[in-house]
Amino acid sequence: MMSRFSNSLALARSSWHVLKADKELILLPIISGIASVIVAITFIVPVFVAGAGDGTMTGTSLLALLPMYFVLAYITIFFNAALVSAANERLEGGDPTIGSAIRGAARRAGKIVPWALLSATVSVILRAIEERVGLIGRIIIAAVGLAWSVITFLVLPIIVIEGSGAVAALKKSGSLLRSTWGENLAAQFGMSLIGFLLILPGGVVVFLGISAGGAVGAVGLLIGVIWIIVAAAAVAALSAIYQTALYHFAVAGSVPSGYFDQNAMQMAFRTRRR
């Protein structure tokens, strides 16, 4: 386990080297977050005003929010696609910008729609089932959700780079990862842990700010919130870069531009022994 985590750290460092070359790409997850908040407010406020004035949500109100899930999914996936496009441009020797990243995602805008619809549908179904089952059922649903995230890990790079449709990309992603389940799962866990460690200091500062109160506490709270936002954006960018690098290695056996150590990539995608 320690060797796998060390390997994840090596892959994260390689992803960080790519991100350092294009620091402005951190803005893409922040823009995505702002757009998502605006969309959520646009949908939720009218629903509460029109059909849930007493603070409760009716079945009709919940049904009216279903389009919101799709729009939010599309926004998130679109900007993740922009990150993948930018990472791919950098790995292939280019010099991406915010504009080129968004244009790269826009070229696949139509391809992203069915994938966003499928992703939103799966998320809603899993959440609906989770709310209606006991503890054991929730553990099973969590395992299903984790399996879905692993199987679909390379869907977005396949859509963005190859221009494949959602179904074809899903099949290819599953095919590429079928023999590397354990190693890919360990790598994803490592990246998630790294993200937690990056965000943790901001959470501590927020807690201390709330505890202190007053002007000093307010300043600490602001600093902590900014830290968390930037750290979360950095983690999102690193994850997209990591996805793109794994896609190249899975398809071609190597990652262009020399940012990633080939031995580390081979460890991450090592085929399980029979």
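This is a guided tour of the structure above, stop by stop, with a selection to make at each one.

**Confidence first.** Because the model is predicted, begin by colouring the chain by pLDDT, whose mean over the protein is 80, with 81% of the residues reaching 70 or more. Select helix α8 (residues 155–162), where confidence is highest at a mean of 94, and then helix α3 (residues 59–64), where confidence is lowest at a mean of 58. Now select residues 52–57, over which pLDDT stays under 50 and for which the model has nine contacts beyond four places in sequence. Where pLDDT is low, the predicted coordinates should not be read in detail.

**The nonpolar core.** Next, select L19, L28, L154 and F260, which touch the most other members of the largest nonpolar core, a set of 56 residues. Helix α4 supplies the largest share of this core, with 15 residues. Keep L28 selected and show its surroundings: leaving aside neighbours within four places in sequence, L28 is in contact with F79, A82, L83, I98, A101 and I102.

**The aromatic cluster.** From F79, widen the selection to F70, Y74, F78 and F79, which ring pairs link into a cluster. The whole structure holds five aromatic pairs. One of them is formed by F78 and F79 in an edge-to-face arrangement, with 5.6 Å from centre to centre and 85° between the planes. Both partners are buried, F78 with a relative accessible area of 14% and F79 with one of 12%.

F70, another member of the cluster, lies in helix α4 (residues 66–91) and counts as partly exposed, at 26% relative accessibility. Apart from neighbours within four places in sequence, F70 is in contact with V113, A116, L117 and A120. To follow the chain further, select V124, which is 54 residues from F70 along the sequence and whose C-alpha atom is separated from that of F70 by 9.8 Å.

**The salt bridges.** How many salt bridges does a search of the whole structure find? There are three, and a suitable place to begin is R90, which pairs with D22 at 2.8 Å between the closest N and O atoms. Since R90 lies in helix α4 and D22 in the loop between α1 (2–21) and α2 (27–51), this pair ties together parts that are 68 residues apart in sequence. Both residues count as buried, R90 at 14% relative accessibility and D22 at 1%.

Add D95 to the selection, whose side chain meets that of R90 in a salt bridge of 2.9 Å, N to O; in contrast to the buried R90, D95 is exposed, with a relative accessible area of 55%.

Then select E162 and K172, whose side chains meet in a salt bridge of 2.6 Å, N to O. This pair links helix α8, which holds E162, with helix α9 (residues 166–177), which holds K172, the two residues being ten apart. E162 counts as partly exposed at 31% relative accessibility, as does K172 at 30%. Returning to the earlier selection, salt bridges that share partners join D22, R90 and D95 into one network.

**A last stop at H248.** Finally, select H248 in helix α11 (residues 214–252). Is this residue buried or exposed? H248 is buried, with a relative accessible area of 10%. Its side chain is joined to that of N88 by a polar contact of 2.6 Å. Not counting residues up to four places away in sequence, H248 touches N88, L91, E92, I161, G253, S254, V255 and P256.

Terms used: Residues numbered from 1 in each chain as written. Heavy atoms only, no water. Helix = DSSP H or I, 4+ residues; strand = E, 2+ residues; numbered from the N terminus. Buried < 20%, exposed > 50% of the residue type's maximum accessible area, 1.4 Å probe, protein only. Polar contact = N/O pair within 3.5 Å; in protein donor to acceptor, adjacent residues only side chain to side chain. Contact = heavy atoms within 4.5 Å. Phe/Tyr/Trp six-rings, centres within 6.5 Å; stacked < 30°, edge-to-face > 60°. pLDDT = per-residue confidence, 0-100. Core = buried A, V, L, I, M, F, W, Y, C linked by side-chain atoms within 4.5 Å. Salt bridge = Lys/Arg side-chain N within 4 Å of Asp/Glu carboxyl O.
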